[in-house]
Amino acid sequence: MLAYLVCQHITGYLAARPVEMGQKALKGMRSMPLIIVLCMMAESVGAQEAREGLSIAEKQPLAPTPPMGWMSWERFRCETDCNAHPNACINEELYIEMAKLLVEDGYLAAGYDQISIDDCWESKTRDATGRLRPNATRFPSGIKALGDTIHALGARFGIYSDMGTHTCGGYPGSQGHEQIDAQTFAEWGVDYLKLDGCYNNQEGYVTGYPKMGRALEGSGRNITYSCSWPAYLGTNETAKNFSEFRRAGCHLWRNWDDISNTWESIVSIIDHWGDYSKVLQESGGPNSWNDMDMLIIGNDHYGKVLPSDNARAQMAIWSVCASPLFMSNDLRTVTDEYRQILLNPEVIAVNQDPMGIPGVRATPKGDQEVWIRRLFDGSTAVALLNKRSKDAKTEISVDLRTLGVNVPDKAKVRDLFERVDLPEITKGQLTAVVPREGVTFVKVY
């Protein structure tokens with residue numbers, strides 16, 4: 001099923017880009033003949049059976065590549081005291097200002113096309129008809145007006161709720177209100193729903209997340225569905241039923257712990273993804289993305305900004321793993337150094353690769369690791385990661401062929417962050433000096 005859908009996505013990508021994918025470009029795609037043959041086989045032998053068994057998410061393929069945008073949670077949390085914190089509270093002014101900066105600073109043009117409200121936007125009670133409503137003081141214009149403003153700027157509009165009796169912040173949840181909430185979100189012009197999992201249990205998730213998926217499908221509006229369901233099922237990714245999440249209509253899902261504004265938090269998430277690389281690669285793909293949580297690049301939460309080497313490491317590994325890229329920072333304070341990391345088109349292209357197959361940690365867990373991802377054009381993205389904090393720099397050498405990377409005897413190398421060509425390598429032997437708590441990120445072809 002997943003192979004068929006990936007093939008449908010690739011052939012659609014090719015059809016939509018006849019100029020980009022001309023004969024000259026196709027000659028450079030060493031893996032394309034096999035891909036095309038496999039796709040033709042999938043179409044001729046099993047297409048009808050696959051269509052009949054499509055999940056809700058597959059019937060509504062709203063996330064063919066990992067979603068990108070801006071989300072408030074890590075930076076602004078549940079700050080509701082606008083008198084004490086007028087520039088950092090959850091209110092309509094915050095989201096409008098972030099939407100404007102998304103456009104003005106080039107993020108929208110780079111692919112970050114969404115502004116997402118997180119928790120604590122609601123009133124503490126539903127209205128007389130049972131509908132969710134915003135806090136009237138902090139959102140006096142209403143949610144629809146906010147969504148209209150964001151749409152007028154050219155961005156998509158995301159919102160938050162919870163598959164429980166309450167949200168994690170203690171506001172009304174969607175359990176038992178799936179139909180009316182989905183309809184309300186559609187009427188407000190919502191494009192994306194993040195559904196958390198506080199104040200519920202595993203039995204409730206099994207019935208509740210599919211209920212919301214069906215309600216969204218029947219709402220009359222295309223709403224991308226982000227489920228936090230897997231994050232509430234423990235650490236062992238091999239024990240999670242990813243097919244069940246797809247059948248529930250989820251286009252992406254949070255798998256594990258929330259990120260915080262520390263290098264240790266980033267490393268813990270990287271280690272988790274590395275430990276479960278195989279199952280996360282197999283379960284991820286178009287409309288089925290494993291979400292590593294928000295980008296904290298340029299984030300000044302708690303009065304600190306992580307070093308740029310940390311930021312490049314997060315951006316690289318999130319891109320190798322095909323994670324959604326949702327910034328959580330104050331766009332008003334992001335400096336040009338961090339903006340260039342977030343806007344790097346060559347790194348974003350790895351994340352958004354149309355083949356949609358996530359990469360993996362290709363070496364054992366350790367202070368130095370190699371992460372690889374096979375790309376649509378036949379090249380391979382390689383991240384040489386140095387997690388050590390003691391030494392200023394560390395040389396990392398690897399024989400890519402021993403890791404299963406098919407490279408010619410003489411291969412070209414492109415530094416993705418610096419956007420420069422490096423000297424060719426011979427017989428897959430790649431060496432780089434990598435900064436501490438940092439990464440060297442290249443494409444080999």
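What follows is a chat between two people about a predicted model of one protein chain.

Colleague: Quick overview first. How many helices and strands does the protein chain have?

Modeller: The secondary structure comes to 16 helices and 16 strands. Keep in mind that this is a predicted model.

Colleague: And what percentage of the residues is buried?

Modeller: Buried residues make up 57% of the 445 in the chain.

Colleague: What share of the contacts with a separation of 6 or more comes from residues 24 or more positions apart?

Modeller: Such residues account for 73% of those contacts.

Colleague: On to sheets. What is the strand order in the eight-stranded one?

Modeller: The order is β7-β6-β5-β4-β3-β2-β1-β8. The sheet is open and the pairing is parallel.

Colleague: Which strands are at its edges?

Modeller: β7 (289-291) and β8 (325-327). Each pairs on one side only.

Colleague: How many degrees are neighbouring strands turned against each other?

Modeller: The average is 25 degrees, direction ignored.

Colleague: Give me one pairing to look at. How many bridges join β3 and β4?

Modeller: Five, in the parallel sense, between β3 (residues 156-162) and β4 (residues 192-196). To find the register, look at G158, which stands opposite Y192 in β4.

Colleague: Now the six-stranded sheet. Is its pairing parallel or antiparallel?

Modeller: Antiparallel. This open sheet runs β9-β10-β11-β16-β13-β14. β9 (360-361) and β14 (420-426) have a single partner strand each, so one side of each is left without a neighbour in the sheet.

Colleague: What does β9 do with β10?

Modeller: β9 and β10 (residues 368-374) pair over two bridges, antiparallel. V360 stands opposite I372 in β10.

Colleague: Which strands does helix α12 touch when it packs on the sheet?

Modeller: α12 (residues 263-275) touches β9, β10 and β11 (380-386). Its direction makes about 60 degrees with that of β10. α14 packs on the sheet as well, touching β9, β10, β11 and β16 (438-444). The angle between the directions of α14 and β16 is about 40 degrees.

Colleague: And the hairpin of β13 and β14. Which residue there takes a positive phi?

Modeller: R419, with phi near 60 degrees. The hairpin has four residues between the strands. β13 (residues 410-415) and β14 pair over five bridges in the antiparallel sense, and D415 stands opposite V420 in β14.

Colleague: What about β13 and β16?

Modeller: They are antiparallel too, over three bridges. R414 has K443 in β16 as its bridge partner.

Colleague: Change of topic: the largest nonpolar core. Which residues touch the most other members?

Modeller: L102, Y112, W121, M315, W318 and F441, out of 100 residues in that core. Helix α14 (residues 308-320) supplies the largest share, seven residues. Apart from that core lies another of 18 residues, including V360, I372, V407 and V442.

Colleague: Take F441. What does F441 touch?

Modeller: Not counting residues up to four places away in sequence, its contacts include A316, V320, V347, V350, A381, V382 and A383. R414, D415, L416 and F417 are on the list too.

Colleague: Which residues of α15 are buried?

Modeller: Y338, R339, I341, L342 and L343, in a helix that covers residues 336-343. Among the elements covering them are α7 (107-110), α14, β8 and α16 (345-351).

Colleague: Aromatics next. How many pairs are there?

Modeller: A search of the whole structure finds 15. In one of them, F185 and W188, the ring centres are 6.2 Å apart and the planes are at 55 degrees, so the pair is tilted.

Colleague: Where do F185 and W188 sit?

Modeller: In helix α9 (residues 178-188), three residues apart, so about one helical turn separates them. Both are buried.

Colleague: What about F242 and W253?

Modeller: Their ring centres are 5.9 Å apart with planes at 45 degrees, so that pair is tilted as well. F242 lies in helix α11 (residues 242-247) and W253 in strand β6 (residues 252-254), so the pair ties together parts 11 residues apart in sequence.

Colleague: Why does F242 count as buried?

Modeller: Because its relative accessibility is 6%, and the cut-off is under 20%. W253 counts as buried at 0%.

Colleague: Which cluster are they in?

Modeller: One aromatic cluster with Y205, Y209, W229, Y232 and F245.

Colleague: Last one. Where does the charged end of R75 sit?

Modeller: Over the ring of F76, 4.8 Å from its centre. K124 lies over the face of Y171, at 4.0 Å from the ring centre.

Methods: Residues are numbered from 1 along each chain as its sequence is written. This is a predicted model: local features need pLDDT of at least 70, side-chain atom pairs count only at pLDDT 80 or more; totals for chains, interfaces and linings use all residues. Side-chain values use heavy atoms; hydrogens and water are left out. A nonpolar core is a set of buried Ala, Val, Leu, Ile, Met, Phe, Trp, Tyr and Cys residues joined through side-chain atoms within 4.5 Å. Buried means under 20% relative accessible area, exposed over 50%, partly exposed in between (1.4 Å probe, protein chains only). Contact means heavy atoms within 4.5 Å. Two strands pair if DSSP finds at least two bridges between them. Axes are lines fitted to C-alpha atoms, for helices over the stretch in contact, and angles run from 0 to 180 degrees between N-to-C directions. Rings of Phe, Tyr and Trp (its six-membered ring) pair if their centres lie within 6.5 Å; planes under 30 degrees apart count as stacked, over 60 as edge-to-face and the rest as tilted. A charge sits over a ring if NZ of Lys or CZ of Arg is within 6 Å of the ring centre and within 35 degrees of the ring normal.
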